[in-house]
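Student: I would like to learn how to read a model of two chains, beginning with the fold of one chain and then turning to the interface.

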Amino acid sequence: MYDFFHNTDTGIVLLTFIEALALLVPLLIGVAYLTYAERKVLAAMQLRKGPNVVGPFGLAQPFADALKMLMKETIIPSGSNRLLFLMGPMLTFMLAMLAWAVIPVNDGWAIADINVGILYLFAISSLGVYGIIIAGWASNSKYAFLGALRSAAQMVSYEVSMGFVLVTVLLCVGSLNLTAIVKAQQTVWFCLPLFPMFVVFFISTLAETNRSPFDLPEGESEIVAGFFVEYSSMSFALFFLGEYANMILMSALTTILFLGGWLAPFNMEPFTWIPGVVWFVLKICVVLFFFLWTRATFPRYRYDQLMRLGWKVFLPLSLVWLVLTAGVLMAFGWLPNA
Amino acid sequence: MITAILFYLFAAILLGSAAMVVGSRNPVHSVLFLILAFFNAAALFLIAGAEFLAMILVIVYVGAVAVLFLFVVMMLDVDFEDLRKGVQRYWIAGATVGAVLFAELAAVLGGWKLAPSAGQLRMSPVPSGVSNTVALGRILYTDYVFLFQTAGLILMVAMIGAIVLTLRDRKTSRHQNIRTQTERSVSETLQMMSLSIGAGTTASGGYLRPKEPEPEPADAHGGHGHDDHGGHGHGHH
């Protein structure tokens, strides 16, 4: 059995397929329950009840919503570019799934434990903007187009400072491999020594996933729903799923880079009994809660404020911190020798 | 075997999409084909074992440069009829430039000589024992550090030049001073007053609201001035 899965071509392909399924199915269920959690958390913060009708505690609500979406008619606007119009949401969804190939959920539990894992993640997340631009352009609607333009500018701007944050972490690790990044945090999680970068990174992920308070691409008060204003039924659902999967992905990335991945908070007895994957999921849930909390708390940024924050605050800050980190590592001889 | 199939697949898509970049009528489609071409080039890098280059190609070209391309091309208002007219007018000049370029390329290709050691290098693109990224870093920051830094400097000069050329401080444009805004405190903007009910309303005849037409004039004095809408009185300051 082991021989078949690891040493024959068919076996390796089959094993990869099974692994992908074992990761993506829980992920999609997670996405479904993230929408439920979002509604419940927002409701609790606004002194409402939230969904509580479908199933016990409203737990079947996400599936009722999914069924509703499936039953609806897909409307393709007559002036749109048909092929690209349908490609946009598919691209968004596919990219959100694709990135999970390199995420290590436990020691050695990554589908592809590649050397340049962090670069792969960065590349995939920077491609996310295409789904939105293509959707906005193909819709042939001014609101959709405005939303797409905003989104493109926003994601390109925040990627820059995110890149510097990544480089700062990589300096402390000495490797681009995600497993190595987690293992480098055995003694101390990077969120403590690199706390300012942790904050910058978290806020940048909010902007990168188009979440409140940076949800200008869909700003419903000015441009209706932004880039997906023309979408309905499954094509809309794919955008929705993609956005939430991206949220989970970014939380996973934050966990890996700053919160010690699958590592227990303290490397001692009662904490190490719990398997690493549980710690990983718990940490992701905490970060996701911050996403929801932010949404319930802050009003939307104005566009110029968003750009100012990205280019004039985060970029210099992360740049200075990068130089500082490199200097400290060099001065104290802490540079990891890879 | 699988590698060979993948290579020919990616190479075929790369060439096909590169041809479509030039051939497609819609400029947005051209940019999208360009992105496809970048992708397949990255895949070819991966097959060659140059994983770092592959990722950087995707991040820099697909993630940043092509986004800006797409941005600009989408904003262009292109009239395809005009474009076709232009082709008919300028095809002689275009063909001449193309022919000269082709001749030059052919000349270069004709005089191409492979270094004797290149064949062996091709078989082992990565030095054994270190990963791709480390190998690249060692070469770039030791033997070629001067060239590397010069390239960076040139790029920075280009960037500063672009900013200098386009940045105009218009006197009419208004700027938001975030600092003064955030440093504003409650005490300097808001003044809390405590007023007796109905104070300062003499201008409107002792009433907080415009006098309503009443059917019975005898009832008017007692009721309106002292009801719980007294807060409106602040407006008179």
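Tutor: This is a predicted model, and a useful start is to ask how far apart in sequence the contacting residues lie. In chain A, among contacts between residues at least 6 apart in sequence, 75% join residues at least 24 apart.

Student: Which elements make up chain A, and how many are there?

Tutor: Chain A has 13 helices and zero strands, and 51% of its 338 residues count as buried.

Student: How does the radius of gyration of chain A relate to what the globule rule gives?

Tutor: For 338 residues the globule rule gives 20 Å, and the radius of gyration of chain A is 21 Å, close to that value, so the chain is as compact as a globular protein of that length. Along the principal axes, the C-alpha atoms of chain A fill a box of roughly 60 × 55 × 45 Å.

Student: How much area do chain B and chain A bury between them?

Tutor: The size of an interface is often given as the accessible area lost when the parts come together. Here chain B and chain A bury about 2200 Å² between them, with 78% of it on carbon and sulfur atoms. On the side of chain B, Met55(B), Ile59(B) and Met74(B) lose the most area to chain A, together 24% of what that side buries.

Student: What polar contacts and salt bridges are found between the chains?

Tutor: The rule finds zero salt bridges across the interface, while three residue pairs, both residues at pLDDT 80 or more, are in polar contact. On the side of chain B that touches chain A, the largest share, 14 residues, comes from α3(B), and by class that side has 18 nonpolar, six polar and two charged residues.

Terms used. Residues are numbered from 1 along each chain as its sequence is written. Chains are lettered from A and ligands numbered from 1 in the order in which they are written. This is a predicted model: local features need pLDDT of at least 70, side-chain atom pairs count only at pLDDT 80 or more; totals for chains, interfaces and linings use all residues. Side-chain values use heavy atoms; hydrogens and water are left out. Buried area is the accessible area (1.4 Å probe) that two parts lose on being put together, summed over both. A salt bridge is a side-chain nitrogen of Lys or Arg within 4 Å of a carboxyl oxygen of Asp or Glu. A polar contact is a pair of N or O atoms within 3.5 Å; within protein, one must be able to donate a hydrogen and the other to accept it, and residues adjacent in sequence count only if both atoms are side-chain atoms. Helices (H or I, at least four residues) and strands (E, at least two) are DSSP runs, numbered from the N terminus. Ala, Val, Leu, Ile, Met, Phe, Trp, Tyr, Cys and Pro count as nonpolar, Asp, Glu, Lys and Arg as charged, and the others, Gly among them, as polar. The radius of gyration is taken over C-alpha atoms; the globule rule is 2.2 Å times the number of residues to the power 0.38. Buried means under 20% relative accessible area, exposed over 50%, partly exposed in between (1.4 Å probe, protein chains only). Contact means heavy atoms within 4.5 Å.
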